Amino acid sequence: MHEKIIKLPNGLDLNVQVTPEFLNIVKDHFSLQSVLDVDDDYIRQFIYGSVNSALDKAEEELKLAHKDLIAFG
């Protein structure tokens, strides 16, 4: 495992602990030929997409739970 510091578009730094397994997941996600093709931009896009998806899912679950509370409240 090693640490990468990735520059974000807003000028801030993103510190990421990178493992061979993580690089393989990113490689497979973007259908790249090799982990050598995984650059900082792919890592940044993968993390952004993963976090965005998780937040969307959590938001939807909260909305459904709120509707259930109102329906049974």
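Begin by selecting Ser31, which lies in the loop between helix 1 and helix 2. The model on display is a predicted one. Ser31 comes just after helix 1 and has a positive phi of about 55°. This positive value occurs in a residue other than glycine. Is Ser31 buried or exposed? Its relative accessibility is 62%, and because the threshold for exposed is over 50%, Ser31 counts as exposed.

Next, step back to helix 1 and select residues 20-29. Colour Phe22, Leu23, Val26 and Lys27, the residues that are buried in this helix. Then turn the view to look down the axis of helix 1: the buried residues fall within an arc of 140°, and they therefore line one face of the helix. On the other side of helix 1, select Pro20, Glu21, Asp28 and His29, which are exposed.

Now pass through the loop that holds Ser31 and proceed to helix 2, residues 40-72. Select Glu59, which has its place in this helix. How accessible is Glu59? With a relative accessible area of 47%, Glu59 is partly exposed, because this class lies between the limits of 20% for buried and 50% for exposed.

Finally, keep Glu59 selected and add Asp56, Glu60 and Glu61. Together, these four residues gather in a patch of negative charge on the surface. Display their side chains to view the patch that Glu59 shares with Asp56, Glu60 and Glu61.

Conventions: Residues numbered from 1 in each chain as written. Predicted model: local features only at pLDDT ≥ 70, side-chain atom pairs only at ≥ 80, totals over all residues. Heavy atoms only, no water. Patch = residues over 30% accessible without salt bridge, like charges linked within 9 Å, V, L, I, M, F, W, Y side chains within 5 Å. Areas by Shrake-Rupley, 256 points an atom, 1.4 Å probe, with all protein chains shown as cover. Lys, Arg positive; Asp, Glu negative; His and termini not counted. Charge placed at Lys NZ, Arg CZ, Asp CG, Glu CD. Helix = DSSP H or I, 4+ residues; strand = E, 2+ residues; numbered from the N terminus. Buried < 20%, exposed > 50% of the residue type's maximum accessible area, 1.4 Å probe, protein only. Arc of directions from axis to C-beta.
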